[in-house]
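Me: I'm new to reading protein structures and I'd like some help. Could we go through one together, feature by feature?

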Amino acid sequence: SRLKEIKTTQLVRPSSPDDSFSLEEESMIPEKFSIRRKSVFAEAYNPEEDDDDTIKPQIYPKSDEQRQRLAESVKNILLFRSLDQEQIIEVLDAMFIKDVKEGEYIIRQGDDGDNFYVIQNGIYNAYVLDNSQQEKLIHTYYNNGSFGELALLYNMPRAATIKAGSDGSLWAMDRQTFRRIVLKSAFKKRKMYESLIECVPMLSALQSYESMNLADALIPKTYQDGDCIIKQGDAADGMYFVENGHIKITIIGDNGKEVEIKRIQKGEYFGELALVTHKPRAASAYAIGPVKVAFLDVEAFERLLGPCMQIMQRNINDYESQLVKIFGSKNDITDMR
């Protein structure tokens, strides 16, 4: 259904000019290209109905140097931030090289989307047609960036034209492989994190749509035994939800020695109070054995967890009481996380 298609495409939201064309630019498409068309390329893909994990994309051989350069390019692309290491390897394997000449059209506005592209080298100009059907330059890529995902994600014609401004090389991934990897992984991630969110009492204040937005914003991270996840005195960059494993919270006392004050386990969270108080980390967190966490960066925290702010403010008093029991005073500490 149309509603199901909307929910599916909302799983991934490109937002950076270097990751994709913005949705604002998408609105500049002339009306004749804005009508959704069906074709061999435009068949809708619903990850909820795809339960076959045995289909593997084609593997294109690469030299070690090519693979390393591609990995560097891919790791900064917003769309792939939620992929785990195994999925990243699948992405690298599935991409094939495409050499282009200056003046060559890579994609044309209004066409069906066939491939997603990551730039290896070269200059590429992005154009959209204005109301008088003249090409208007909206962006130029210089030897890095990616483009072409909007048509693949949103089941729509190409939002812009990309033309090579020099000879160059691109890494390409076909539509079907792109959607299976990106959309299916995003769907699985959302379902997994929605279950995690249900286990966190603080987040019960969120509405269902807020929970979905939060699930989409979480980034998986893994740590091994003894790894320092956050360090006392550092600036706060986000908060963490524990998926699996145990976390040890420590604080340095007046005698200069590190003292364990709490342990965190699955369904619990840490790191939020430094974001609430806008102070440096007042404690450290260490992995006890293998640990998997979901990380929420400070920007997403401020945007998505407004409804929970009162609860977190109230928790500060509980933590201060705990510090008094351990140290005899608050030691001028208002955030043990």
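Me: Let's start with helices: is the crossing of α4 and α5 left-handed or right-handed?

Reply: Before we dig in, keep in mind that this is a predicted model. The crossing of α4 and α5 is right-handed. On the α4 side, Arg67, Leu70, Ala71 and Val74 make the contact, and α5 brings Ile88, Ile89, Val91, Leu92 and Asp93.

Me: What angle do the axes of α4 and α5 make where they cross?

Reply: Here's the general idea: two packed helices are described by the angle between their axes and the distance between the axes. For α4 and α5, the axes cross at roughly 120° and come within 10 Å. An angle from 65 to 115 degrees would count as roughly perpendicular, but α4 and α5 are oblique to each other.

Me: And how do α5 and α7 pack?

Reply: Use the same two descriptors. Helix α5 (residues 85-94) and α7 pack at an angle of about 165°, and their axes are 11 Å apart. Angles over 145 degrees count as roughly antiparallel, and α5 and α7 are therefore roughly antiparallel to each other. Their crossing is left-handed.

Me: Which residues of α5 and α7 meet?

Reply: From α5 you have Gln87, Glu90, Val91 and Ala94, and they meet Thr177, Ile181 and Ser185 in α7. Take Thr177 and Val91: they are 86 residues apart along the chain, yet their C-alpha atoms are separated by 8.6 Å.

Me: Is Thr177 buried or exposed?

Reply: To decide, look at the relative accessible area: under 20% counts as buried. Thr177 has 11%, so Thr177 is buried.

Me: Now sheets. In what order do the four strands of the open sheet come?

Reply: Read a sheet by going from one strand to its neighbour. Here the order is β1-β8-β3-β6, with antiparallel pairing. The edge strands are β1 (96-100) and β6 (146-147), each of which pairs on one side only. Five bridges join β1 to β8 (residues 168-174), and Val100 stands opposite Gly168 in β8.

Me: Which strands of the sheet does helix α4 touch?

Reply: Helix α4 (residues 64-74) packs on the sheet and touches β3 (115-121) and β8, its direction making about 110° with that of β3. Helix α7 (residues 175-198) also packs on the sheet, touching β3 and β8, and its direction makes about 65° with that of β8.

Me: How many bridges join β11 to β12?

Reply: Six bridges join these antiparallel strands, β11 at residues 238-252 and β12 at residues 258-264. One pairing to find on screen is Lys248 with Arg263 in β12. The hairpin has five residues between the strands, and Gly256 takes a positive phi near 85° there.

Me: Which residues of helix α8 are buried?

Reply: In α8 (residues 208-217), look for Glu210, Ser211, Leu214, Ala215, Asp216 and Ala217. Then ask what covers them: the cover includes α7, β9 (219-223), β14 and α10 (298-304).

Me: One last thing: which residues does UniProt list for "binding site"?

Reply: Such labels come from a record, so treat them separately from the coordinates. The unreviewed UniProt entry lists Glu272 and Arg281. Glu272 sits in the loop between β13 (269-270) and α9 (273-277), and Glu272 is buried, at 0% relative accessible area. Arg281 lies in the loop between α9 and β14 (284-297), and with a relative accessible area of 3%, Arg281 is buried too.

Conventions: Residues are numbered from 1 along each chain as its sequence is written. This is a predicted model: local features need pLDDT of at least 70, side-chain atom pairs count only at pLDDT 80 or more; totals for chains, interfaces and linings use all residues. Side-chain values use heavy atoms; hydrogens and water are left out. Two strands pair if DSSP finds at least two bridges between them. Helices (H or I, at least four residues) and strands (E, at least two) are DSSP runs, numbered from the N terminus. Contact means heavy atoms within 4.5 Å. Axes are lines fitted to C-alpha atoms, for helices over the stretch in contact, and angles run from 0 to 180 degrees between N-to-C directions. UniProt positions are given in the numbering used here, feature names are shortened, and annotations may be inferred rather than shown by experiment. Buried means under 20% relative accessible area, exposed over 50%, partly exposed in between (1.4 Å probe, protein chains only). Angles under 35 degrees count as roughly parallel, over 145 as roughly antiparallel, 65 to 115 as roughly perpendicular and the rest as oblique. A crossing is left-handed if the near helix is turned anticlockwise from the far one by less than a right angle, and right-handed if clockwise.
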